[in-house]
Each structure stands twice: as structure tokens, then as C-alpha cells.
Amino acid sequence: MCKKIFIGATIEKLYNAFATSGGMESWFLRRCDYTRDGMILAQQTDAEAGDEYTFLWHGWPDETVEKGQILAANNIDVFEFTFDGNGTTNMIVKITLEGLNDGTMLNLLQYNIPTTEEGRYNWHLGCKTGWNFYLTNLKAILEHNVDLRNKDVT
């Protein structure tokens with residue numbers, strides 16, 4: 001699955017939105033911990049290939065957690081991580097950024113998605129819907145300072 005969105009922000013700002021835990025929490029997650037050698041990285045420290053992550057979402061209890069690994073991070077325009085249902089699939093998400101005019105084209109590629117019926121429903125449809133919303137939210141925050149997320153626990 002490939003998603004593209006033009007966002008009126010610099011490549012650096014968009015890269016930081018993925019590569020730092022503070023960035024991920026600003027538009028996507030309730031909590032993001034990037035860890036290196038067992039130590040949690042500071043909110044504005046860029047994650048690197050080999051680092052691990054823990055993701056928690058708004059509206060979901062702490063038991064709904066995604067853990068994985070950063071596969072690529074070039075500190076410029078490529079960020080790639082496992083997004084595999086805690087090891088139940090081999091899915092990967094790759095972000096690439098390209099500067100255009102007064103902003104950046106963000107390309108999100110999620111691949112190795114299972115083709116089973118459950119995979120088509122949970123991952124193809126579920127992730128497509130999720131990425132549509134969250135990438136729109138990223139654009140809304142960076143361009144208009146408006147957060148579209150419902151942060152209620154229930």
C-alpha cells in the first residue's frame with residue numbers, strides 16, 4: 001500500500017515528525033518510546049537503524065501496544081520501521097520525503113502485508129484507513145496547528 005501527501009513543511013520538520021518520539025506524539029501516538037541499548041531516547045533525539053520502539057495510541061488501553069525496530073534512518077529523508085503486529089506479520093513501513101516548491105511530498109509505503117482474509121481486512125483496509133487519517137492529521141497540525149485526534153480514553 002502506498003500513500004502520498006503534500007505537506008507545506010520542510011523535509012527536516014517532516015523527518016523529525018517520524019524520527020523523534022516527540023514528533024510521533026505530536027500527530028500520531030499517545031506515547032512513543034524510542035530505545036537504544038535499553039535506554040529511552042530523549043523526546044527530540046533522532047532514532048537510528050537498530051533502535052527499538054514502543055507505540056501506544058489514544059483511545060486504546062496500554063495493553064494495546066506495538067513494539068518493533070527501526071530498520072533505516074538516514075537523518076535526512078528516509079525512515080523505515082517494522083509495523084508487524086508485534087511479530088505476527090513481516091510488514092514494514094517506509095517513509096521517503098522529497099522537497100517540492102514550498103513543501104514536501106511524503107511517500108508512505110507499507111509492504112509485506114498479509115494477503116489472507118484477516119490480513120486484507122485488518123492490515124490492508126485497517127492500515128489504509130488509519131494512514132489516511134493520521135497523514136491528514138500531520139498535515140493539519142503542520143499547516144494549520146489543528147489536531148484532529150480524539151484523545152479521550154473511552
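Trainee: Which side chains meet in a salt bridge at 2.8 Å, N to O?

Mentor: R30 and D62. Side chains of opposite charge can pair when their charged atoms come close. The cut-off here is a side-chain nitrogen of Lys or Arg within 4 Å of a carboxyl oxygen of Asp or Glu. One caution on the source: this is a predicted model, where local features need pLDDT of at least 70, side-chain atom pairs count only at pLDDT 80 or more, and totals for chains, interfaces and linings use all residues. Residues are numbered from 1 along each chain as its sequence is written, and side-chain values use heavy atoms, with hydrogens and water left out.

Trainee: Where do R30 and D62 lie in the chain?

Mentor: They link distant parts of the chain, 32 residues apart. R30 is in the loop between α2 (21-27) and β2, and D62 is in the loop between β4 (52-56) and β5. Helices (H or I, at least four residues) and strands (E, at least two) are DSSP runs, numbered from the N terminus.

Trainee: Are R30 and D62 buried, partly exposed or exposed?

Mentor: Buried means under 20% relative accessible area, exposed over 50%, partly exposed in between (1.4 Å probe, protein chains only). R30 has 30% relative accessibility, so R30 counts as partly exposed. D62, at 47%, is partly exposed.

Trainee: How many salt bridges does the structure hold?

Mentor: Seven. Among them is the pair D33 and R31, at 3.0 Å, N to O. D33 is buried, with a relative accessible area of 13%. R31 is partly exposed at 39%.

Trainee: Which residues are joined into one network by salt bridges that share partners?

Mentor: Start with E48 and R36, whose side chains meet at 3.7 Å, N to O. This pair also links distant parts of the chain: E48 sits in the loop between β3 and β4, R36 in strand β2, twelve residues apart. E48 is partly exposed at 38% relative accessibility, and R36 is partly exposed at 24%. Shared partners join R36, E48 and D51 into one network.

Trainee: In what order do the strands form the sheet?

Mentor: Strands of a sheet pair through backbone hydrogen bonds, either parallel or antiparallel. Two strands count as paired if DSSP finds at least two bridges between them. Here eight strands form an open sheet, in the order β1-β8-β7-β6-β5-β4-β2-β3, with antiparallel pairing. β1 (2-7) and β3 (39-40) stand at the edges with a single partner strand each, so one side of each is left without a neighbour in the sheet.

Trainee: How many bridges join β2 to β3?

Mentor: Two bridges join strand β2 (residues 31-36) to β3, and the strands run antiparallel. R36 stands opposite M39 in β3.

Trainee: Which strands does helix α1 touch?

Mentor: Contact means heavy atoms within 4.5 Å. Helix α1 (residues 11-19) packs on the sheet and touches β1, β2, β5 (65-73), β6 (78-82), β7 (92-100) and β8 (103-111). Its direction makes about 165 degrees with that of β7. Axes are lines fitted to C-alpha atoms, for helices over the stretch in contact, and angles run from 0 to 180 degrees between N-to-C directions. α3 also packs on the sheet, touching β1, β6, β7 and β8. The direction of α3 makes about 10 degrees with that of β1.

Trainee: What does K4 touch?

Mentor: K4 is found in strand β1. K4 touches M105, L106 and N107, not counting residues up to four places away in sequence. K4 is exposed, with a relative accessible area of 60%.
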